[in-house]
Amino acid sequence: MQNQEKRQNKKWWQQAVIYQIYPRSFYDSNSDGIGDLQGIIAKLDYLEELGIDAIWLSPVYRSPQDDNGYDISDYQDIDPIFGNLADMDALIEAAGKKGIRIIMDLVLNHTSDEHPWFKEARKSRENPYHDYYVWRDGTEGEYPNTLTSAFCGPAWEWVPECGQYYLHQFSVKQPDLNWDNPKLREEIYNMINWWIDRGVGGFRLDVIDLIGKEPDAMIMAEGKMLHPYIKEMSERTFHRADLVTVGEAWSATPERAWSYSNPDGSELSMVFQFEHMTLDQEPGKSKWDLAPLPFLKFKQVLSKWQTNLYNKGWNSLFLENHDLPRCVSRFGNDGKYRQESAKMLATLLFGMQGTPYIYQGQELGMTNVMFDIDEYRDIELLNLYKERKALGYSEEEIMRSIYAKGRDNARTPMQWSEAANAGFSEGTPWIRCNPNYTVINAEEERINQGSVFNYYKKLVALRKSEPVLIDGCYELLCAEDERLFAYTRENAADKVLVVCNFSDADVTFPMYDLWNDGEVLACNYAAPGNCGTLRPYEAVMIKK
Ligand code: TEU
Ligand code: CA
């Protein structure tokens with residue numbers, strides 16, 4: 001089958017690069033210190049230059065902002081801090097004119113406690129909205145079971161008017177929805193179809209693996225009704241248009257992903273799995289309990305997902321998002337080799353099979369921050385600080401965890417220029433900028449040919465020009481090498497080598513002489529080095 005024909009059999013999102021925007025930190029158009037929809041419209045030229053095909057928008061719906069919008073009080077209105085529905089329509093239209101689709105972030109596991117449904121539900125057990133949520137009888141002070149919240153503390157909250165507890169797997173202001181209630185599901189499907197009719201290009205589904213919860217069995221992820229509900233939702237909504245749908249599934253395994261991303265389209269396009277994001281922590285503990293990255297396991301996990309989903313599902317490819325630390329700080333070297341390692345990580349990601357995601361600022365090589373505790377804003381991090389202080393952890397140990405894994409690492413304002421507040425706002429930003437914006441910013445990187453930004457631009461273009469990056473079969477090389485991550489992608493027409501040095505030392509790549517006559521598609525140094533020795537954090541992509 002010809003390449004062109006093969007490409008035609010692919011879905012648009014299998015050849016796309018998707019860019020995630022965290023709106024409150026992207027660009028502030030009205031100087032209130034918070035990014036907004038008009039700000040995104042103002043920056044569409046930048047995104048068009050990068051070459052991306054779709055924007056995943058973190059939630060902009062009406063919300064009390066307890067969890068920065070992942071606590072929704074009206075799914076069909078825009079929170080005034082971001083603008084209004086007319087701005088949303090304007091963004092969909094303006095992006096569409098540039099061939100960029102808008103993907104909405106659907107938070108369907110829970111709402112805000114200020115949603116009208118919950119305001120009604122908590123009034124009484126007899127209220128028609130009561131069973132939109134998950135309630136358990138009990139007496140105050142005796143929790144139904146030992147389920148805990150991801151944001152610390154018990155997952156149950158007492159409501160005297162009902163003499164019951166409600167379940168909240170996240171903040172107390174994020175009551176879990178009861179998907180076993182068909183009326184609730186009907187309301188959700190009507191809302192999704194309302195957004196499809198508004199012209200969105202797809203959906204990211206927040207913690208979708210939790211909607212089949214079985215609280216009495218203490219099962220939150222992968223409950224027995226999960227896939228039936230996803231199939232029903234897909235049939236009733238997503239099937240209506242040529243959409244991309246990506247589910248956030250912390251519990252996903254490749255075998256489960258065969259169902260989530262079944263090529264028959266019965267569920268979703270793909271999932272965000274996080275197995276590669278839970279390795280640099282003490283086994284069986286939380287992300288805050290730091291441990292060095294087990295590099296061989298990192299290679300083995302990413303390779304497992306590549307091989308197990310090949311022709312049986314579809315991978316998402318990411319190293320950052322709004323919940324994760326900056327990848328150059330976590331997996332690279334954000335000091336002496338910041339540019340080289342940021343580009344190396346990009347090469348690793350863009351050579352793989354799946355849909356690559358770029359999180360805002362990742363294309364600049366933005367880094368983690370080290371703030372005073374009162375400069376942080378994230379509920380998860382602040383609750384962790386309180387909980388561990390109460391448990392007697394030292395300030396130094398708690399802050400080390402926050403510096404490494406706090407979600408605000410990814411939520412400092414996008415760095416547009418060396419101007420005040422990184423050119424993000426002429427007001428006071430809702431969270432402090434990373435002080436390194438004077439050096440790391442889009443304005444400087446767009447004109448510097450050797451910048452991380454211009455390297456990402458090249459990689460995005462390669463995803464369009466090299467079919468083997470879309471459909472090539474993956475094979476890991478040098479599996480036991482502690483510093484090199486090397487693999488090939490091969491289809492009937494081409495074979496590509498990707499080799500990345502994850503260390504600050506020169507490393508020999510023994511198989512290089514098989515490749516040194518190939519076409520260099522990408523190299524993160526000014527010119528490829530001599531045969532077989534990769535310089536610190538050097539990455540090369542070669543085709544033959
Ligand atoms: O995240 C789900 C989630 O489990 C992560 O937030 C996890 O708790 C941790 O932060 C990862 O290190 C989704 C959204 O992406 C997140 O922003 C929301 O806070 C959360 O769901 C609740 O909606
Ligand atoms: Ca604003």
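Me: In this predicted model, which side chain does a polar contact join to that of Glu267?
Reply: The model is predicted, so every distance here is computed from it. The two side chains are 2.5 Å apart at this polar contact. The partner of Glu267 is Lys231.

Me: Where is Glu267 placed, and is Glu267 buried or exposed?
Reply: Glu267 sits in the loop between α8 (254-260) and β11 (270-272). Its contacts beyond the sequence neighbourhood include His227, Phe238, Thr245 and Tyr260. Buried means under 20% relative accessible area. Glu267 has 1%, so it counts as buried.

Me: Which atoms of the protein coordinate the calcium ion (ligand 2)?
Reply: The distances run from 2.2 to 2.3 Å. In sequence, the donor residues follow the spacing D-x1-N-x1-D-x1-I-x1-D. The donors are Asp28 (OD), Asn30 (OD1), Asp32 (OD), Ile34 (O) and Asp36 (OD).

Me: Is Asp36 buried or exposed?
Reply: Asp36 is one of the calcium donors. Another donor, Asp32, has 36% relative accessibility and counts as partly exposed. Asp36 has 3%, so it counts as buried.

Me: How many residues surround ligand 1?
Reply: The closest are Asp67, Lys287, Asp323, Glu380 and Arg407. A polar side-chain atom of Asp67 lies 2.6 Å from an oxygen atom of the ligand. For His322, the corresponding distance is 2.9 Å. The number of residues surrounding ligand 1 is 17.

Me: How far does a polar side-chain atom of Asp323 lie from an oxygen atom of ligand 1?
Reply: Asp323 is in the loop between β12 (316-317) and α10 (327-330). At 11% relative accessibility, Asp323 counts as buried. Its distance to the ligand oxygen is 2.5 Å.

Me: Which side chains make polar contacts with the side chain of Asp323?
Reply: One partner is His322, at 3.3 Å. Another contact of 3.3 Å leads to Arg407. Arg407 is also on the list of residues that Asp323 touches, along with Glu248, Lys287 and Arg411. The polar partners are His322 and Arg407.

Me: How far apart are the end C-alpha atoms of helix α12 (residues 379-390)?
Reply: The helix has 12 residues, at 1.5 Å a residue. The expected span takes one less than the number of residues. That gives 16 Å, and the model agrees, with the ends apart by 16 Å.

Me: Which residues of α12 are buried?
Reply: An α-helix has 3.6 residues a turn, so residues three or four places apart point the same way. What covers the buried residues of α12 includes α13 (395-405). The buried ones are Ile379, Glu380, Leu381, Leu384, Tyr385 and Arg388.

Me: Which residue caps the N-terminal end of α12?
Reply: The cap uses a side-chain oxygen, 3.2 Å from the backbone nitrogen of Glu380. Just after the helix, Gly392 takes a positive phi of about 90°. The capping residue is Asp378.

Me: Why does Cys473 form no bond with Cys478?
Reply: A disulfide needs two cysteine sulfur atoms within 2.5 Å. Cys473 is partly exposed, at 38% relative accessibility. Cys478 holds the closest cysteine sulfur to that of Cys473, yet the gap is too far for a bond, at 17 Å.

Me: How many disulfides are there?
Reply: Cys500 is buried, at 0% relative accessibility. Its closest cysteine sulfur, in Cys523, is 11 Å away, too far for a bond. By the 2.5 Å cut-off, the count of disulfides is zero.

Key. Residues are numbered from 1 along each chain as its sequence is written. Chains are lettered from A and ligands numbered from 1 in the order in which they are written. This is a predicted model: local features need pLDDT of at least 70, side-chain atom pairs count only at pLDDT 80 or more; totals for chains, interfaces and linings use all residues. Side-chain values use heavy atoms; hydrogens and water are left out. Helices (H or I, at least four residues) and strands (E, at least two) are DSSP runs, numbered from the N terminus. Buried means under 20% relative accessible area, exposed over 50%, partly exposed in between (1.4 Å probe, protein chains only). A polar contact is a pair of N or O atoms within 3.5 Å; within protein, one must be able to donate a hydrogen and the other to accept it, and residues adjacent in sequence count only if both atoms are side-chain atoms. Contact means heavy atoms within 4.5 Å. Donors are N, O and S atoms within 2.8 Å of the metal (3.2 Å for Na, K and Ca); water is not among the atoms, so sites may look incomplete. A residue is near a molecule or strand if one of its heavy atoms lies within 4 Å of it.
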